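Here is a friendly walk through a protein model, one question at a time. Keep the sequence and the 3D view open as you read.

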Amino acid sequence: MRVSGFFYSLKVGIINIWKNKLFSTASIATMTACIFLFGLFYAIVANFQSMVKNVEEGVAITVFFEDGISEEQVQAIGQAISLQKEDVLRYRYISAEAAWEDYKMQYFGGDEEAAEGYGDDNPLKDSDSYEIFLSDVSRQAELVSYLESLAGVREVKQSETVANMLTDFNRLVGYVSMGIIMILFAVATFLISNTVSVGITVRKEEIAIMKLIGASDFFVQAPFYVEGIMIGLIGSILPMFILYIMYGRLIRFITEKFSFLNNLMTFLAVDDVFRILVPVAVVLGIGIGFVGSALTIRKHLKV
């Protein structure tokens, strides 16, 4: 398309939106509502997933060694663990002495006399271990199987119930997100399709004349593509401004009025959420506008 043709299509597309103000406003409002709900849902899900990720990073696998294992074998097991970079977020070696000190702090805190009753006898003398934290808790079973196959490993303890719960939760969130996006996509596409359909009906005589004087199919169709894309673009930018202001104020309100939640959960910063949300919302809005226009043109505009 020539530059003049591009600006012609842009001008006619904007004029169509203005002429069909009622339908255009309804489409933009519907698109705004859909993208707003999508953005709101995304912000909630992103925060939940961030919190779940923090919980996942606290889920540990503990590897215990066989009796009489040498220092070289312990280091070999550590080296084997370090090679599992995709599954292992971090790991650390815990000696029997350190394990006993942690145990005393946890169970005998404030009762030093009870701990002193053990004297120099360490009841956890055979509890040297590696504590492993996972980058993806859903891969815990595979990592446990690998660890159990290593020479010198006596036992591998895992949090299977917690891992399954977190994995199922992430799967559920994924299914719900996909379902909501599909519903919003269908509703917005339907409204934009109706708006473009009205524009085609109003300009049928003009389109017929353009075809008679040799206008190409794309030249005739382009303004309607512009119309749908503009509606989608406007309808995606507006809710982003609203959400950006609302999200920041809501997080500040919650953290100030419910300070006890600060110890239980950490909300994502505004920039962390909208760095991904804004381009996704704009692309989604433009895509819905284009698809809505394309479907209508194919159905009503036989050129």
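Q: What pattern does the protein chain follow when read along the sequence?
A: This is a predicted model, and its protein chain has 10 helices and four strands. Writing α for a helix and β for a strand, the order along the sequence is α-α-β-α-β-α-α-β-α-β-α-α-α-α.

Q: Among contacts in the protein chain between residues at least 6 apart in sequence, what percentage join residues at least 24 apart?
A: Here we set aside pairs that sit close together in the sequence and count contacts between residues at least 6 apart. Of these contacts, the share joining residues at least 24 apart is 85%.

Q: What percentage of the residues in the protein chain are buried?
A: A residue counts as buried when its relative accessible area is under 20%. The protein chain has 303 residues, and the buried part of them is 39%.

Q: How much of the accessible surface of the protein chain belongs to carbon and sulfur atoms?
A: Let's start with the total, which comes to about 17900 Å². Of that accessible surface, the part belonging to carbon and sulfur atoms is 62%.

Q: Which residues form a nonpolar patch on the surface?
A: One member to look at is Phe48, placed in helix H2, residues 21–57. Phe48 is partly exposed, because its relative accessible area is 45%. The patch has about 350 Å² of accessible area together, and its members are Leu37, Leu40, Ile44 and Phe48.

Q: Is Thr62 buried or exposed?
A: Find Thr62 in strand E1, residues 60–65. Leaving out residues up to four places away in sequence, Thr62 touches Ser129, Tyr130, Glu155, Val156 and Lys157. Its relative accessibility is 18%, so Thr62 counts as buried.

Q: How many salt bridges does the structure hold?
A: Side chains of opposite charge can pair when their charged atoms come close. Glu131 with Arg92 is one such pair here, and Asp272 with Arg275 is another. Counting through the structure, the number of salt bridges is three.

Q: Which strands hold Glu131 and Arg92?
A: The closest N and O atoms of the Glu131 and Arg92 salt bridge are 2.6 Å apart. The two residues lie in separate strands, so their pairing ties together parts that are 39 residues apart in sequence: Glu131 is in strand E3 (residues 129–134) and Arg92 in strand E2 (residues 88–94).

Q: Is Glu131 buried or exposed?
A: Its salt-bridge partner, Arg92, has 45% relative accessibility and therefore counts as partly exposed. For Glu131 the value is 17%, so this residue counts as buried.

Q: Which residue meets Glu155 in a salt bridge?
A: Glu155 counts as partly exposed, because its relative accessibility is 33%. Its partner is also described as partly exposed, with a relative accessible area of 41%. The N to O distance between the two side chains is 3.9 Å, and the partner is Arg154.

Q: What separates Asp272 and Arg275 along helix H10?
A: The side chains of Asp272 and Arg275 meet in a salt bridge, at 3.3 Å from N to O. Asp272 is partly exposed at 37%, while Arg275 is exposed at 56%. Both sit in helix H10 (residues 270–300), and because they are three residues apart, the separation is about one helical turn.

Q: Which helix gives the most to the lining of the largest cavity?
A: A search of the whole structure finds one cavity of 30 Å³ or more, and about 30 Å³ of space lies in it. The lining is made by Phe38, Ile181, Leu184, Phe185, Leu284 and Ile288. Helix H7 (160–202) and H10 each supply at least two of these residues. With three residues, the helix that gives the most is H7.

Q: How far apart in space are Ser177 and Phe38, C-alpha to C-alpha?
A: Ser177 lies in helix H7, and its 16% relative accessibility means that it counts as buried. Beyond its neighbours within four places in sequence, Ser177 is in contact with Phe41 and Val45. Ser177 and Phe38 are 139 residues apart in sequence, yet their distance in space is 8.9 Å.

Notes:
Residues numbered from 1 in each chain as written. Predicted model: local features only at pLDDT ≥ 70, side-chain atom pairs only at ≥ 80, totals over all residues. Heavy atoms only, no water. Patch = residues over 30% accessible without salt bridge, like charges linked within 9 Å, V, L, I, M, F, W, Y side chains within 5 Å. Areas by Shrake-Rupley, 256 points an atom, 1.4 Å probe, with all protein chains shown as cover. Salt bridge = Lys/Arg side-chain N within 4 Å of Asp/Glu carboxyl O. Buried < 20%, exposed > 50% of the residue type's maximum accessible area, 1.4 Å probe, protein only. Contact = heavy atoms within 4.5 Å. 1 Å grid on protein atoms, 1.4 Å probe; cavity = no way out; pocket = protein on both sides within 12 Å on 5 of 7 lines; lining within 4 Å. Points joined across faces, edges and corners; volume = space filled by probe spheres on them.
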